[in-house]
Amino acid sequence: MSSPVWHPFTQHGLSEPIPLVESAEGAALFTADGRRIIDAISSWWVTTHGHRHPAIMQAIADQSERLDQIIFAGWTHEPAERLARELLKIMPGELRYVFYSDSGSTSVEVALKMALGYWLNRGEPRHRIIVLEGSYHGDTIGGMSVGARGVFNRPYAPLLFDVDVIPFPFEGREQATLDALEKLCRDSSPAALIVEPLILGAGGMRIYSAATLRELRRLCANLGVLFIADEVMTGWGRTGTLLACEQAAIVPDLLCLSKGLTGGALPLAVTLATAAIYDAHYSLNRRRQFFHSSSYTANPIACAAALANLQVWHDEPVAERILSLQQRQELQTGRLNKARNVRQIGTITACELGEAKSSYLSARSPGLLAHFRSKDLLVRPLGNTIYVMPPYCINDADLDAIYDGIEEALEWF
Ligand SMILES: *Cc1c(COP(=O)(O)O)cnc(C)c1O
């Protein structure tokens with residue numbers, strides 16, 4: 001019998017098999033038909049320590065004994081209060097306030113609205129947003145508007161708001177990016193620049209230098225434009241450090257975090273803001289309050305999961321695991337001599353198969369997906385870009401199996 005479920009990013013007309021997953025543990029998924037699948041992409045970049053980390057599962061169980069859900073406008077609860085304080089302890093000191101939401105996309109919407117509110121409340125309305133070419137910031141209308149135009153959002157293009165795009169800082173051509181940013185900042189009084197620091201995720205795992213990131217931040221600071229770091233994917237150790245921004249020694253005005261915030265167990269997001277942005281909304285005038293909420297803002301059980309995630313970072317050798325994964329992946333990528341543009345940052349590796357240029361609807365991708373499925377690997381290429389982004393707990397045998405599968409793909413496709 002066919003299912004009534006309509007899946008995301010899935011063309012049901014192709015009738016590709018949709019495996020039924022019954023359970024998960026560590027880096028493995030177990031399907032109803034008895035297969036053990038290696039999760040090479042951390043279930044779409046969310047699972048950091050591994051599936052069903054015992055401490056996070058326990059925290060969820062414990063919190064469910066006390067408080068499930070409560071309106072967050074004008075009310076509060078201990079998990080949200082504690083999580084905000086604990087988060088600020090490990091985040092750069094300039095970030096002073098924590099606004100909760102429930103997905104990466106909404107954390108971006110919130111950051112954009114805060115940036116616009118900041119300028120309006122200062123009596124200096126600004127509406128232009130500058131974006132980096134090829135970026136991805138989520139699937140809501142605002143997130144799509146600041147993301148790259150393309151196959152993901154073509155049907156909705158007429159509804160997306162206009163942004164100013166600066167070129168991706170390819171190695172050797174960084175100055176063009178910086179010059180474009182400087183010109184826009186001087187000519188058009190933009191509200192903010194939004195970037196994915198160090199690596200564009202859905203845009204094809206394209207990496208750029210920390211020095212360039214640092215320059216982008218410096219230009220914004222000098223020219224009075226807010227700097228939004230979307231660390232929804234890069235946060236929580238993915239690029240080798242807790243935040244990618246650390247590698248450029250920069251602090252954004254607004255920081256978006258989600259995916260790994262609960263270790264990947266439950267949906268939760270935060271937008272962190274500086275005092276200047278909070279203060280611009282702080283007033284006796286209710287018109288200046290920040291008008292945004294979703295029903296499940298700061299869900300207590302999700303906050304408890306995030307607190308447990310922070311405890312795991314505190315109690316367990318997470319940094320060592322990340323470094324080990326980085327080194328083991330470095331060795332594995334040595335096998336990919338048939339691939340193009342083999343690259344790595346922290347726990348992420350990527351390469352192109354066939355044509356050097358990546359395209360999401362590459363003719364190769366359905367065959368590739370089927371290949372990885374047949375090898376019991378959860379690998380989901382972005383067009384002809386194959387990438388690996390496993391949970392930090394993955395063992396050598398599973399990592400070997402992933403790269404065996406990729407080597408075969410390079411052989412066959
Ligand atoms: C995944 C992602 C988002 C969107 O997050 P969702 O939780 O899927 O809404 C936004 N920005 C970046 C950089 C992402 O990788």
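This briefing describes the ligand site, the cysteines and several individual residues of the structure shown above. The model is a predicted one, and the values below are computed from its atoms. In it the protein covers part of a bound ligand, which on its own has 380 Å² of accessible area, to the extent of 83%. A search of the whole structure finds zero disulfides, and two residues other than glycine, M205 and A298, have a positive phi.

**Ligand site**

- The residues that surround the ligand are W45, S103, G104, S105, Y136, H137, G138, E196, D230, V232, M233 and K259.
- By character, this shell around the ligand is made up of four nonpolar, five polar and three charged residues.
- Two contacts involve oxygen atoms of the ligand: a polar backbone atom of G104 is 2.8 Å from a ligand oxygen, and an N or O atom in the side chain of S105 is 2.6 Å from a ligand oxygen.
- On the nitrogen side, a ligand nitrogen atom has a polar side-chain atom of D230 at 2.7 Å.
- With these contacts in place, 83% of the 380 Å² of accessible area that the ligand has on its own is covered by the protein.

**Cysteines**

- A disulfide is a covalent bond between the sulfur atoms of two cysteines, and the search of the whole structure returns zero of them.
- C220 takes part in no disulfide, since the nearest cysteine sulfur, which belongs to C185, is 5.0 Å away, whereas the cut-off for a disulfide is a pair of sulfur atoms within 2.5 Å.
- C220 is also buried, its relative accessible area being 0%.
- C256 is likewise in no disulfide, and the nearest cysteine sulfur to it, that of C245, is 10 Å away.
- The relative accessibility of C256 is 0%, so C256 counts as buried.

**Residues with a positive phi**

- Most residues other than glycine have a negative phi.
- M205, although not a glycine, has a positive phi of about 55 degrees, and this residue is found in the loop between β8 (199-200) and β9 (206-207).
- With a relative accessible area of 1%, M205 is buried.
- A298, also a residue other than glycine, has a positive phi near 60 degrees, and its place is in the loop between α8 and α9.
- A298 is buried as well, with a relative accessible area of 0%.

**H292 and its partners**

- H292 lies in the loop that runs between α8 (275-281) and α9 (300-315), which is also where A298 is located.
- The side chains of H292 and K113 are joined by a polar contact of 2.9 Å.
- When neighbours within four places in sequence are left aside, the residues in contact with H292 are F99, E109, V110 and K113.

**R217 in helix α7**

- R217 belongs to helix α7, which spans residues 210-223, and because its relative accessibility is 12%, R217 counts as buried.
- A polar atom of the R217 side chain lies 2.8 Å from the backbone oxygen of V251.
- Not counting residues up to four places away in sequence, R217 touches F227, I250, V251, P252 and D253, so that V251 appears both among the residues touched and as the source of the backbone oxygen at 2.8 Å.

Terms used: Residues are numbered from 1 along each chain as its sequence is written. This is a predicted model: local features need pLDDT of at least 70, side-chain atom pairs count only at pLDDT 80 or more; totals for chains, interfaces and linings use all residues. Side-chain values use heavy atoms; hydrogens and water are left out. Helices (H or I, at least four residues) and strands (E, at least two) are DSSP runs, numbered from the N terminus. A polar contact is a pair of N or O atoms within 3.5 Å; within protein, one must be able to donate a hydrogen and the other to accept it, and residues adjacent in sequence count only if both atoms are side-chain atoms. Contact means heavy atoms within 4.5 Å. Buried means under 20% relative accessible area, exposed over 50%, partly exposed in between (1.4 Å probe, protein chains only). A residue is near a molecule or strand if one of its heavy atoms lies within 4 Å of it. Accessible areas come from the Shrake-Rupley method with a 1.4 Å probe; for residues, only the protein chains shown count as cover. Ala, Val, Leu, Ile, Met, Phe, Trp, Tyr, Cys and Pro count as nonpolar, Asp, Glu, Lys and Arg as charged, and the others, Gly among them, as polar.
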